[in-house]
Amino acid sequence: MKIERIETIPYSIPYTKPLAFASGEVTDAEHVLVRIHTDEGLTGVADIPPRPYTYGETQDSVLAIINKVFAPAIVGLDPLERGKIHRILARTVHNQTARGGLDIALWDIIGKAASIPVSALLGGYATEMNVSHMLGFKPAPELLDEALRVRSEYGITTFKLKVGRKPLILDIEACHTLRDGLGPDIDLYLDANRGWTANEAFEVLRRTETVGLSLLEEPCDAKEAMSRRRLVDKSPIPIVGDESVPTAGDVSRELLSGGCNAVSIKTARSGFTEAQQILGLCTGLGVDVVMGNQIDTQIGTLATVAFGAAHEATSRRAGELSNYLDMSDDLLADPIVIRDGKILVPQVPGLGVEIANEKLERYRQDK
Ligand code: MUC
Ligand code: MG
C-alpha cells in the first residue's frame with residue numbers, strides 16, 4: 001500500500017456560543033480536514049484545529065506546511081512505515097496540529113486496512129469514555145445554569161472551569177457558585193490558560209480551599225520557571241501542564257524540572273504516536289493524565305475518544321469531549337451521542353469518521 005495523495009480542505013463552521021478563555025476565544029471552527037488517500041482505495045481522515053494563541057499555527061500555515069513540506073516528503077511511502085514517516089515529519093519543528101492530524105489519519109488507514117477499530121489497535125482497554133464538560137468565561141450564575149443543563153441533559157458530572165480572569169474574585173466566586181449549586185459529588189477543576197501569575201494562583205487556591213477542586217491547569221506561564229516550580233511544590237492539588245507540554249520532550253522537561261505534576265494529553269496536537277510516548281512517560285513516572293480538548297469538532301472528538309478509551313490511565317478521569325456541543329454544525333455524518341455522561345467508541349474499522357459530503361461542500365472555503 002502506498003500514500004498516493006494528501007488532500008487538505010480548509011473549512012469554517014460558526015459556533016452558536018463562542019468559547020472564551022484566558023488566552024483567546026473561538027467563534028468559528030476554522031479548521032483543516034486532512035484526507036490521506038492510498039493506492040488501495042483506503043482513506044484516512046483527521047481534523048486539524050489551528051490554535052495561533054497556543055501553537056502559533058493558522059489555517060493557512062497548516063495548509064502550507066502539509067502541502068509544501070510534509071506531503072511531498074511522504075507521498076509514495078507505505079502508511080505502515082510509520083517510523084520512517086515520523087522521522088521525516090520530525091525534521092520540521094513546531095506545526096503541532098498539522099503533524100498530529102497526519103498521524104491520526106495514518107492510524108485511521110491502518111485500522112481500516114486491518115479491519116479493526118483504532119482504539120483496539122492502540123490498547124483496547126475500554127469501549128467508552130466518560131465526558132468532562134468545559135465551561136468558558138461567563139458570569140457565575142450563567143455558568144451554573146449551563147452546568148446544571150449539561151448534567152441533566154447528558155449525565156455529565158465532571159466540569160472544567162476556564163479561569164485566569166482579573167479581578168480574581170470573578171473566578172473565586174464562580175468556583176463557589178458551581179460547588180454550591182452542583183453539590184459535593186461533581187468533579188470540578190480549573191484551567192487558567194496562563195492568565196495568572198503564580199502568586200495569583202496561590203491566592204485563588206487559598207480562597208477556594210473549601211470548594212474541593214481536583215486539578216489546576218496552566219495557572220501561569222511555565223516559562224516563569226522559578227515561581228511555577230514553587231507553585232507546583234506547594235499546591236495541594238496537581239498542577240496540570242497543557243500548552244507547556246505539547247511534545248514528549250516538553251513533558252519530560254516540565255515533569256523533571258517541577259513545572260507540572262500532571263499532564264493534559266491532546267491527540268489534536270500529538271497525534272496518537274506521540275500521545276503514546278507522552279502517556280508512557282506519565283505512567284512510568286506515576287503522573288496523572290487527563291484527555292484534553294483542543295476545542296475539537298466531532299471528528300477530533302472521536303480521535304480523543306479512541307485514544308482515551310484505549311488505555312487504563314487515560315480512562316481513569318473523564319476526558320474533555322463536549323466542546324463540539326457549542327458548534328452550529330459539524331462535518332460528521334452520524335452525530336456523536338453523549339448518554340449517561342459517556343461517549344462510545346465506534347466499533348468499526350479505523351476511527352469511525354464518516355464525512356457528510358453535502359456539509360463539506362457547504363462549509364469548505366477553497367471553492
Ligand atoms: C484548553 O484546555 O486549554 C484552549 C486553548 C487551547 O489550546 O485549548 C483550549 C482548551
Ligand atoms: Mg488547557
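Good morning. A cavity, as I shall use the word, is a set of grid points where a 1.4 Å probe fits but cannot get out. The model before you is a predicted one, and I shall discuss its enclosed spaces, then its open pockets, and lastly one pair of helices.

Three cavities of 30 Å³ or more are found in the structure. The largest cavity encloses about 110 Å³. Its lining numbers 16 residues, and K162, N193, D242, K266 and Q294 are the closest to the centre. Two or more lining residues come from each of α1 and β5, the latter spanning 158-162. By character, the lining of this largest cavity comprises four nonpolar, five polar and seven charged residues. Domain 1 (3-115) and domain 2 (120-344) each contribute at least three residues to that lining.

The second largest cavity holds about 70 Å³. Among the residues around it are V45, A46, D47, I104, T267 and A268, together with D296, I299 and L351. The elements β3 (43-48), α11 (267-285) and α12 (298-310) give two or more residues each to this lining. Here the division is eight nonpolar, two polar and two charged. Where does the second largest cavity lie with respect to domain 1 and domain 2? It lies between them, because both domains give residues to its lining.

I turn now to the pockets. The largest pocket has a volume of about 450 Å³. Of its 21 lining residues, L302, D334, P335, P346 and G352 lie nearest the centre. Strand β12, residues 342-344, provides the largest share of the lining, namely three residues. In this largest pocket, 13 lining residues are nonpolar, two are polar and six are charged. Domain 1 and domain 2 each supply at least three of the lining residues.

The second largest pocket offers about 340 Å³. Nineteen residues line it, with D221, A222, K223, S244 and R253 nearest its centre. Helix α10 gives the most, four residues, while α1 (52-55) and α9 (225-234) each supply at least two. Its lining consists of four nonpolar, five polar and 10 charged residues.

Finally, consider the helix pair. The axes of α6 (residues 140-154) and α7 (residues 169-182) come within 9 Å and cross at roughly 35°, and the crossing is right-handed. On the α6 side, the contact involves A140, L143, L144, A147, L148 and R151; on the α7 side, E173, A174, T177, L178, G181 and L182. Eight of these contact residues are nonpolar, two are polar and two are charged.

Thank you for your attention.

Notes. Residues numbered from 1 in each chain as written. Chains lettered and ligands numbered in written order. Predicted model: local features only at pLDDT ≥ 70, side-chain atom pairs only at ≥ 80, totals over all residues. Heavy atoms only, no water. 1 Å grid on protein atoms, 1.4 Å probe; cavity = no way out; pocket = protein on both sides within 12 Å on 5 of 7 lines; lining within 4 Å. Points joined across faces, edges and corners; volume = space filled by probe spheres on them. Nonpolar A, V, L, I, M, F, W, Y, C, P; charged D, E, K, R; others polar. Domains from an automatic or database assignment. Axes fitted to C-alpha atoms, helices over the stretch in contact; angles between N-to-C directions. Left-handed = near helix turned anticlockwise from the far one by under 90°. Contact = heavy atoms within 4.5 Å.
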